[in-house]
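Visitor: I should like to learn how the descriptive terms applied to a protein model are justified. Please take me through the reasoning step by step.

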Amino acid sequence: MSIEVMQEEWLYSEEQVRALLERVRGHASAERSVYPFIRIVAEQALRPSEARKLRVSDVVLPERGLGKLTASHRGTARDIPLQPQFAEFLREWISEAGLREGDLLFPSGRGRPLSAPRYQRVWEQAQEAVLPRDERYSWRLGEPIFILRESCLVKWLGMGVSCLAVAELAGVTPSWLALRYPHCFRAENAEIDWDHLAEVMALPQSLTS
């Protein structure tokens, strides 16, 4: 199965993500779950399908230290650590929304999972408001929120987080990351000691005489 390459210029910068989230937060009052839902995709690199299925019981939010959420994809579960700041955000959201242990973490108004048309509409409005004018009618307008997960994974790789750790957090393989984001694995700036390499690769003297 081939993996489509995600070009560097297709992704959102950290500043753009922040601006998009701010816009969503201020214009999603009709569906309160939309903002925390989109934020967890953007900051924890969850698949939207994983975030929609999360329940309150899937998160552990201690008063201090790291929290944890358990996401599942195609029957495989993985634990994702949550920084104290994000754990506090979720704790406040659960309290504000009056959610209980077995409830969906991001329910619609009727207690069902958020529908894609609902959050996608808010997301598209944020794109229209935040994107530079020359990008409003480009491929980016209407891009599903999955692009936020992609941008987060690339940010982690760019910060120097090992591809093994990123793969584990994202629920993918290191080889998938390398094929999906090849620009993150370029060796353009790597310093190679060519003399040492030649010395290591040289045949033993007995074979050259």
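Visitor: How many helices and strands are there in the chain, and in what order do the elements run?

Guide: In this predicted model, the chain has 10 helices and three strands. Starting at the N terminus, the order is α-α-α-β-β-β-α-α-α-α-α-α-α.

Visitor: What share of the chain is buried, and what makes up its exposed surface?

Guide: Of the 209 residues in the chain, 38% are buried. The chain exposes about 12,700 Å², and carbon and sulfur atoms supply 51% of that area. As for contacts with a separation of 6 or more, 61% are between residues 24 or more positions apart.

Visitor: Let us turn to one residue. Where does Arg-78 lie, and does it count as buried or exposed?

Guide: Arg-78 belongs to strand S3, which covers residues 76-82. Its relative accessibility is 10%, and buried means under 20%; Arg-78 therefore counts as buried.

Visitor: What makes the pairing of the side chains of Arg-78 and Glu-50 a polar contact?

Guide: The two side chains are 2.7 Å apart, and the cut-off for such a pair of N or O atoms is within 3.5 Å. The side chain of Arg-78 also reaches the backbone oxygen of Leu-169, at 2.8 Å. Beyond its neighbours within four places in sequence, Arg-78 is in contact with residues including Ala-45, Leu-69, Arg-149 and Gly-171.

Visitor: Why is Glu-50 called buried?

Guide: Glu-50 lies in helix H3. Its relative accessibility is 2%, and the limit for buried is under 20%, so Glu-50 counts as buried. Leaving aside neighbours within four places in sequence, the contacts of Glu-50 are with Ala-71, Ser-72, His-73 and Arg-78.

Visitor: How many salt bridges does the structure hold, and what makes the pair Lys-68 and Asp-79 one of them?

Guide: The structure holds 10 salt bridges. In general, side chains of opposite charge can pair when their charged atoms come close. For Lys-68 and Asp-79, the distance from N to O is 4.0 Å, and the cut-off is within 4 Å. Lys-68 is in strand S2 (residues 67-73) and Asp-79 is in strand S3, so this pair ties together parts that are 11 residues apart in sequence.

Visitor: Why are Lys-68 and Asp-79 called partly exposed?

Guide: Partly exposed lies in between under 20% and over 50%. Lys-68 has a relative accessibility of 34%, so it counts as partly exposed. Asp-79, at 43%, is therefore partly exposed as well.

Visitor: How do you know that Glu-150 and Arg-180 meet in a salt bridge?

Guide: Their side chains are 2.4 Å apart, N to O, and the cut-off is within 4 Å. This pair links distant parts of the chain: Glu-150 is in helix H6 and Arg-180 in helix H8 (residues 174-180), 30 residues apart. Both residues are buried. Elsewhere, salt bridges with shared partners join Arg-47, Glu-50 and Arg-78 into one network.

Visitor: How do you know that the span of H4 agrees with what is expected?

Guide: At 1.5 Å a residue, the 14 residues of H4 should span 20 Å, and the end C-alpha atoms are 20 Å apart, so the two agree. Among the buried residues of H4 are Phe-86, Leu-90, Trp-93 and Ala-97. Their cover includes H2, strand S1 (59-60), S2 and S3. After H4 comes Gly-98, whose phi is positive, near 65 degrees.

Visitor: Which residues of H5 are buried, and why are they said to line one face of the helix?

Guide: The buried residues in H5 are Tyr-119, Gln-120, Val-122, Trp-123, Ala-126 and Gln-127. Seen down the axis of H5, they fall within an arc of 160 degrees, and therefore they line one face of the helix. An α-helix has 3.6 residues a turn, so residues three or four places apart point the same way. The cover over the buried residues of H5 includes helices H1 (14-26), H2 (34-44), H3 (48-53) and H6 (146-158). H5 itself has 15 residues (116-130) and reaches 21 Å from its first C-alpha to its last, close to the 21 Å expected at 1.5 Å a residue.

Note on methods: Residues are numbered from 1 along each chain as its sequence is written. This is a predicted model: local features need pLDDT of at least 70, side-chain atom pairs count only at pLDDT 80 or more; totals for chains, interfaces and linings use all residues. Side-chain values use heavy atoms; hydrogens and water are left out. Helices (H or I, at least four residues) and strands (E, at least two) are DSSP runs, numbered from the N terminus. Buried means under 20% relative accessible area, exposed over 50%, partly exposed in between (1.4 Å probe, protein chains only). A polar contact is a pair of N or O atoms within 3.5 Å; within protein, one must be able to donate a hydrogen and the other to accept it, and residues adjacent in sequence count only if both atoms are side-chain atoms. Contact means heavy atoms within 4.5 Å. The expected span of a helix is 1.5 Å times one less than its number of residues. The arc is that of the directions from the helix axis to the C-beta atoms. Accessible areas come from the Shrake-Rupley method with a 1.4 Å probe; for residues, only the protein chains shown count as cover.
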